[in-house]
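This report describes a single protein chain for a reader working with its coordinates. The sequence and structure are shown first.

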Amino acid sequence: MEIRDSELAHSQSYGIRLRVGASSLTLTDSEVHHTTDGLRVESSTGDNESGTVSGTTFRDNSQGARVRGGIALIDNVFADQDGYPIIVEGSTLPLIQGNSGAGNGVNGILARTFSRDATLRADAG
């Protein structure tokens with residue numbers, strides 16, 4: 001699935017929900033707001049998803065992005081979520097780089113169900 005230069009807003013559920021195994025997602029230069037999960041990537045087959053979310057603003061959602069290990073989050077803005085800006089589920093940690101956030105209910109990343117240790121590096125600055 002490829003989404004570019006788009007606005008996804010005012011949904012009573014998800015902005016984008018990707019719910020199949022071995023899927024690929026490209027979300028670029030878009031805005032996702034006023035939804036439950038701005039982005040939700042689910043899989044019943046493990047961390048088989050792949051893709052990149054970049055240059056996208058997530059604002060005023062219940063949760064910003066709920067992803068699994070194969071989705072890279074690069075240079076996005078997470079603002080004014082009711083809860084977490086980023087929730088990571090699955091057994092591997094995705095690439096999370098150059099993102100910013102403010103005004104979220106919890107300004108942090110919630111990481112769940114990892115089968116090994118992972119280290120999050122602070123962004124320079």
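The following sections treat the overall fold, the sheets, the salt bridges and two loop residues.

## Overall composition

The structure discussed here is a predicted model. Its protein chain contains 15 strands and zero helices. Of the 125 residues in the chain, 42% count as buried. The exposed area of the chain is about 6,300 Å², of which carbon and sulfur atoms supply 44%. Where contacts between residues at least 6 apart in sequence are considered, 45% join residues at least 24 apart.

## The five-stranded sheet

An open sheet is formed by five strands in the order β3-β6-β9-β12-β15, with parallel pairing. Strands β3 (16-18) and β15 (109-111) stand at the edges; each has a single partner strand, so one side of each is left without a neighbour in the sheet. From one strand to the next, the twist averages 10°.

Within this sheet, strand β9 (residues 63-67) pairs with strand β12 (residues 86-88) in the parallel sense, over three bridges. At this pairing, V67 stands opposite V88 in β12.

## Strand β10 and its partners

Strand β10 comprises residues 71-74, and its side chains alternate in direction: I71 and L73 point one way, A72 and I74 the other way, and all are buried. Strand β7 (residues 50-54) runs parallel to β10 and is joined to it by four bridges. Here V53 stands opposite L73 in β10. Strand β13 (residues 96-97) also runs parallel to β10, with two bridges between them, and in this pairing L73 stands opposite I96 in β13.

L73 has a further partner outside the strands. N99 is placed in the loop between β13 and β14 (100-102), and its side chain reaches the backbone oxygen of L73 at 2.9 Å. Is N99 buried or exposed? Its relative accessibility is 15%, so N99 counts as buried, the cut-off being under 20%.

## Salt bridges

Side chains of opposite charge can pair when their charged atoms come close. The structure holds eight salt bridges. Three of them are listed below with their N to O distances.

| Salt bridge | Closest N and O atoms |
|---|---|
| E31 and R59 | 2.5 Å |
| D37 and R66 | 3.0 Å |
| R40 and E42 | 2.6 Å |

E31 forms its salt bridge with R59. E31 lies in strand β5 (residues 31-33) and R59 in strand β8 (residues 57-59), so the pair ties together parts that are 28 residues apart in sequence. E31 is partly exposed, with a relative accessible area of 25%. R59 is likewise partly exposed, with a relative accessible area of 26%.

The salt bridge between D37 and R66 also links distant parts of the chain: D37 belongs to strand β6 (residues 37-41) and R66 to strand β9, 29 residues apart. Both D37 and R66 are buried.

In the salt bridge formed by the side chains of R40 and E42, R40 counts as buried at 18% relative accessibility. E42 is buried as well, with a relative accessible area of 16%. Which residues are joined into one network by salt bridges that share partners? The network consists of R17, D37, R40, E42, R66 and E89.

## Y14 and its surroundings

Y14 is placed in the loop between β2 (7-9) and β3. At 23% relative accessibility, Y14 counts as partly exposed. Apart from its neighbours within four places in sequence, Y14 is in contact with T35, T36, D37 and R40. Y14 and D37 are 23 residues apart in sequence, while their C-alpha atoms are 5.1 Å apart in space. Two of these contact residues, D37 and R40, also belong to the salt-bridge network described above.

## Summary

The chain has 15 strands and zero helices, and five of its strands form an open sheet with parallel pairing. D37 takes part in a salt bridge with R66 and is in contact with Y14. L73 stands opposite V53 and, in β13, opposite I96, while the backbone oxygen of L73 is reached by the side chain of N99.

Key. Residues are numbered from 1 along each chain as its sequence is written. This is a predicted model: local features need pLDDT of at least 70, side-chain atom pairs count only at pLDDT 80 or more; totals for chains, interfaces and linings use all residues. Side-chain values use heavy atoms; hydrogens and water are left out. Two strands pair if DSSP finds at least two bridges between them. Axes are lines fitted to C-alpha atoms, for helices over the stretch in contact, and angles run from 0 to 180 degrees between N-to-C directions. A salt bridge is a side-chain nitrogen of Lys or Arg within 4 Å of a carboxyl oxygen of Asp or Glu. Buried means under 20% relative accessible area, exposed over 50%, partly exposed in between (1.4 Å probe, protein chains only). A polar contact is a pair of N or O atoms within 3.5 Å; within protein, one must be able to donate a hydrogen and the other to accept it, and residues adjacent in sequence count only if both atoms are side-chain atoms. Contact means heavy atoms within 4.5 Å. Accessible areas come from the Shrake-Rupley method with a 1.4 Å probe; for residues, only the protein chains shown count as cover.
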